[in-house]
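Me: Could you take one part of this protein and go through it slowly with me? I would like to look closely at the sheet, and then see what else can be said about the rest.

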Amino acid sequence: MSVTEKKYDTRAVMEMDAAYMMHFVNRLPVVFVRGKGMQLWDADGKEYLDFLAGIGVMGLGHSHLDLVAAISAQAAELMHVSNLFYMPQQAMLGKRLVELSGMGKAFFCNSGAEANEAAIKLARKWSKDKYGPHKHEIITFYGSFHGRTMATVTATAQPKYHEGFHPMLPGFKYVSFNDLAAIEAAVTDDTCAIMFEPVQGESGVHLATQEFMSGVRKLCNDRGILLILDEVQCGLGRTGKWFGYEHYGVKPDIMTLAKTLGGGFPIGACLATDDVGGAFVPGNHSSTFGGNALGCAAALATLDIMERESLIRNSAETGAYLKERLLELQSSRSDICEVRGVGLMCALEFTTEIAADLGAECLRRGLVVNPIGKNILRMLPPLICSREDVDIAVGIIAESIQGIS
Ligand SMILES: Cc1ncc(COP(=O)(O)O)c(C=O)c1O
């Protein structure tokens, strides 16, 4: 399939963007105008294979017909009223996610940052109600990413995201990821929560170890501390299970979701155990758009499609194949020092500062991947990705490395 009619002019879009948009990101020089399944097309009709999925959002691939139909039908019926009233889609999505996760209660919002903001507020509220006003401190980890609001950027222990925004919020402490001894040293009677991603995404796909997961859970149980797992990127099938924590046999007290949840429609969720979720009472927290009928209908349809098309199993199986192919590539090159990943969440780490050039070369050859920092290439393809897609992508990556070396 190709775009024959030229609806947008690449240069005109770039110039308009430069004139009217805040310069909050260094964009790559492509104007995407259409997507279908694993494919994207730019304004000039060039086709790309998408191994980024809108940074882990487009789990169903682009423009899945059943999702388009569900969103269109809901939009025609009712988009939004207000959280002052009941909405069937919101209650149904709450039930669905609670049943899927074994958590107790849900709160809906519009993004990953908002889901984490809700999780932080909920943890503080529950801890203060239960133990008193001193219990407020939250421990997070170097290499984490939790969002860009003031609380979530404070929780994000990467100094580059803090620059220009000090002072950060009080009450956060940072320690090294996968370092149990460092957490034990950091915990005090004021600690209310320990928060992390089971698989750190934005810093380049770093997996929590089993020892760390089990150790943190035990420490939380022993010291009356809440475990918040940020599953915004690694949740909902990305790692080959519904939730990242299922790989470890450990359950959180609070969990956050977004990205894949709406299949491309913006929606986030904060889930908690019955006990912890009960800490929010009317007036504590809300969101005008959060849990609107349209977003919830999109999420319900997304979950249905994921189940019907066995996308969790596909993520596990195709993800294992992707890792196998990347390990094969590593064995043929001395400049790839590590292959990391689980399910369809993978990264290559290089010994040289090749990431930006490699990402650009892949894009030139029609593959969308994500350079991270100076030497990491991340892949988060849609969960519909096939072995054939993997073969094409790994082929383009190999040729691109060759092309720029
Ligand atoms: C693990 C994690 N948490 C939170 C966020 C923030 O989500 P959003 O950009 O939807 O606010 C992200 C975004 O990349 C993420 O990867």
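**A close look at the sheet**

Reply: Strand β2 (residues 39-42) and strand β3 (residues 47-50) run antiparallel and are joined by 3 bridges, in what is, it should be said at once, a predicted model. Within this pair, Leu 40 stands opposite Tyr 48 of β3. The two strands belong to an open sheet of 4 strands, whose order is β1-β2-β3-β15 and whose pairing is mixed. At the edges stand β1 (32-36) and β15 (367-368), and because each has a single partner strand, one side of each is left without a neighbour in the sheet.

Turning from the sheet to the helices, the axes of helix α4 (residues 88-101) and helix α10 (residues 293-308) come within 8 Å and cross at roughly 40 degrees, and the crossing in which α4 passes α10 is left-handed. On the α4 side, the residues that meet α10 are Gln 89, Gln 90, Met 92, Leu 93 and Arg 96, while α10 brings Ala 293, Cys 296, Ala 297, Ala 299, Leu 300 and Leu 303. Sorted by kind, the residues of this contact between α4 and α10 comprise 8 nonpolar, 2 polar and 1 charged.

There is also a ligand, which is surrounded by 15 residues, the closest being Ser 111, Gly 112, Ala 113, Val 232 and Gln 233. Helix α5 (residues 112-131) gives the most to this shell, with 3 residues, and the shell as a whole divides into 5 nonpolar, 7 polar and 3 charged residues.

Conventions
Residues numbered from 1 in each chain as written. Predicted model: local features only at pLDDT ≥ 70, side-chain atom pairs only at ≥ 80, totals over all residues. Near = placed C-beta within 6 Å. Nonpolar A, V, L, I, M, F, W, Y, C, P; charged D, E, K, R; others polar. Axes fitted to C-alpha atoms, helices over the stretch in contact; angles between N-to-C directions. Left-handed = near helix turned anticlockwise from the far one by under 90°. Contact = placed C-beta atoms within 7 Å. Pairing = 2+ DSSP bridges.
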